[in-house]
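These are my notes from a first look through a structure that was new to me. I wrote down each thing I looked up, in the order in which I took it.

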Amino acid sequence: MYGAIIAFKKYNFTDGILHSPWVGLDNFKLLFSTPTTIQIIRNTLALSLLSIVAGFPFPILLAVLLNEVRRMWFKKIVQTLVYLPHFFSWVIVSGIVVTIFSQQNGVVSGLWESLTGRSYPFLYREGSWLAIFVGSGIWKEAGFSAIIYLAALTSIEPSLYEASSMDGASRWKQLWHVTLPGIRTTIALMFILSMGRVMEVGFDQVYMLQNSTVSDISEVISTYIYKIGLMGAQFSLTTAIGLFESLVGLILVLGANAIARKYGNGLW
Amino acid sequence: MKPSLGERIYLIGVYMVLTVAALMCLLPLVHIVSVSTSSLQAVASGRVTLFPIDASLEAYRQLIDGTPIVRAMWNSAYITVAGILFSMTFTVLAAYPLTRSYFIGRRMYTFAIVFTMLFGGGLIPTYMTIRSLELINTYWSLWLPGLVSVFNMLVLRTSIENIPSEIDEASRIDGCGEWRYLLRIVLPLSMPVLATLALFYGVGYWNSFFNVLMFINDPAKFNMAVLVQQMIQSQTMLSQLNALGSSEQLQLSPEMVNAAAVVVMVLPMLVVYPLLQKYFVKGVMIGAVKG
């Protein structure tokens, strides 16, 4: 935290943190007037919003479907398999992605080639890269996020199901009128909380999946700080970006929690 | 009562979607294993899908002989085992006092700890702190900044709070002190949570990438995550520059070696995971209950 004051200074190594000259808000002014930084802030928001919105329905779907299964051994196997990717690092996931989508001998590219007769550089086009980015995030986390919905599903009163089947509701109708309303508050809560984390896109995921051809859309705040700040020694400017990110993040989390509290379910 | 036709179709649909989801998680792994154990010709012609063709372990031999993977693996193991020990010790020592009602300043400490979860100084200040503490290139730079995960600490605190206070009173009357109460009563009763947290910490340390990238510059000290990532990155560049010429003569493509590296990195996870699975679902649930 203490180091954060260099965001307001023109830091250099010889003077150290405390004795570098103060520059007030100059770093922040620079931050909001350079097109690159505007672009990376936009990218950060775009990538995380896309991941959240596209990835949101999958855990719910998984949990609801798992809840319908009565054969315990089947449920167990499916759960084991879908939780597994959560424990892999992005190194592993990106390794798998590169192997599968590589243009020369990836299995997906091979399939594409035999269908259309042309090879397609999936990792080097912005559209398909975006799809791979979002898809890999869903692949990794959807199963594990389903746990929280599974927990919510167990709290639904079983008598509701009995009553509705007495009244002749089919399984499908029960799903719509009992199961989904039963976890509605959890869904709303999870959505609000995930909106609170919009400023965070995992460094690992972006850093490992990105490549120079798609850097226009894939450079985000954390990778930019790493590359320009640490590698390029632009300490003050990048600290300012980091501080801005933290501040917006804090406001979002507090705001999200305030809304969540209205549903009687705050984080603390 | 026999299920009606509509109900049967519904159930078949449910089972099919779930099967597809499970397969989607499994098949990429199978594919990677196959790529790493097939011959170059089969991989290059794109014939390898789920089963290895002309099985060979050449890629693994190349991986062990040609790259510093063995040392990186030891580094990873060292970071992970020591990291779990440190983190668990301090998480317990942080969580336990916060559950005691007679601990003065409890709310203030809780707030101070939770605040670090919400607001950090940022990357560069963290880096400069580590540098001025002269921890660059030591594993302390990996262990210290994330010594106690706030979230894990809160999970443990909640679970300790749920131990009935009668147990506390009874043991006090029998003359049990703080340390003995913590070690003999609280910890054994929190076993499932402790196992879960150890798994989370372990996975975190084993997979730690960014901190290693930032704080460790000496390639001899790299862990597996960074090493494998660098291998993948250089291979991507290679295929970008069109690697037709030289690698064709070899018996292997860099891709296959990378696939082998990914398999090696996944392996310990696959061994530990089934043992701990029954705990972590329970542990995550405890976190879901408001503290």
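**Entry 1: chains**

I began with chain B, where 72% of the contacts between residues at least 6 apart in sequence join residues at least 24 apart. I should record early that this is a predicted model. Next I looked up the helices and strands of chain B and found 15 helices and zero strands. Chain B has 291 residues, and buried residues make up 33% of them.

I then asked the same things of chain A. Chain A has 15 helices and zero strands. Of its 268 residues, 39% are buried. For contacts in chain A between residues at least 6 apart in sequence, I noted that 65% join residues at least 24 apart.

**Entry 2: where the chains meet**

How many residues of chain A are in contact with chain B? I noted 57 residues of chain A, in contact with 54 residues of chain B. Helix α6 of chain A, residues 90-101, supplies the largest share of chain A's side, with nine residues. I also sorted the residues on that side of chain A and got 35 nonpolar, 19 polar and three charged.

I followed helix α6 of chain A to one of its partners. It packs with helix α1 of chain B, residues 5-37, at an angle of about 70°, and the axes are 10 Å apart. An angle from 65 to 115 degrees counts as roughly perpendicular, so α6(A) is roughly perpendicular to α1(B). On the α6(A) side I listed A:I96, A:T99 and A:I100 as making the contact. On the α1(B) side I listed B:P28, B:H31, B:I32 and B:V35. The residues of this contact divide into five nonpolar, two polar and no charged. I kept a general note beside these lists: an α-helix has 3.6 residues a turn, so residues three or four places apart point the same way.

**Entry 3: the core**

I looked up the largest nonpolar core and found 110 residues in it. B:V228, B:A261 and B:V262 have the most contacts inside this core. Helix α8 of chain A, residues 126-154, gives the most to the core, with ten residues. Where does the core lie with respect to the two domains of chain B? Domain 1 (1-56) and domain 2 (63-288) both give residues to the core, so I placed it between them.

I took B:V228 from that list and looked up its contacts, leaving aside neighbours within four places in sequence. In chain A it is in contact with A:V91 and A:G95. In chain B, its contacts are B:A261, B:V262 and B:M265.

**Entry 4: helix α14 of chain A**

I went through helix α14 of chain A, residues 221-231, for its buried residues. They are A:I221, A:S222, A:T223, A:Y224, A:I225, A:Y226 and A:G229. I then asked which helices these buried residues pack against. In chain A they are α3 (35-55), α12 (203-209) and α15 (235-262). From chain B, α6 (123-132) joins them.

**Entry 5: B:A72**

I found B:A72 in helix α4 of chain B, residues 69-99. Is B:A72 buried or exposed? The cut-off for buried is 20 or more other C-beta atoms within 10 Å, and B:A72 has 23 such neighbours, so I entered it as buried. Not counting residues up to four places away in sequence, B:A72 touches B:F222, B:N223, B:M224 and B:L227. I also checked B:A72 against B:L142, 70 residues apart along the chain, and the C-alpha atoms are separated by 15 Å.

**Entry 6: loop residues of chain B**

In general, most residues other than glycine have a negative phi. I looked at two residues with a positive value. B:E134 is not a glycine, and its phi is about 60°. B:E134 lies in the loop between α6 and α7 (140-143) of chain B. It has 10 other C-beta atoms within 10 Å, so I put B:E134 down as exposed. B:N137 also has a positive phi, near 70°. B:N137 lies in the loop between α6 and α7 of chain B. With 13 C-beta neighbours inside 10 Å, B:N137 counts as partly exposed.

My last check was B:F51, in the loop between α2 (40-44) and α3 (58-66) of chain B. B:F51 is exposed because 12 other C-beta atoms lie within 10 Å, and 12 or fewer is the limit for that class. The C-alpha atoms of B:F51 and B:F210 are separated by 34 Å, the two residues being 159 residues apart along the chain.

Notes:
Residues are numbered from 1 along each chain as its sequence is written. Chains are lettered from A and ligands numbered from 1 in the order in which they are written. This is a predicted model: local features need pLDDT of at least 70, side-chain atom pairs count only at pLDDT 80 or more; totals for chains, interfaces and linings use all residues. Two residues are in contact if their C-beta atoms, placed from the backbone, lie within 7 Å. Helices (H or I, at least four residues) and strands (E, at least two) are DSSP runs, numbered from the N terminus. Ala, Val, Leu, Ile, Met, Phe, Trp, Tyr, Cys and Pro count as nonpolar, Asp, Glu, Lys and Arg as charged, and the others, Gly among them, as polar. A nonpolar core is a set of buried Ala, Val, Leu, Ile, Met, Phe, Trp, Tyr and Cys residues joined through C-beta atoms within 7 Å. Domain bounds come from an automatic or database domain assignment. Axes are lines fitted to C-alpha atoms, for helices over the stretch in contact, and angles run from 0 to 180 degrees between N-to-C directions. Angles under 35 degrees count as roughly parallel, over 145 as roughly antiparallel, 65 to 115 as roughly perpendicular and the rest as oblique.
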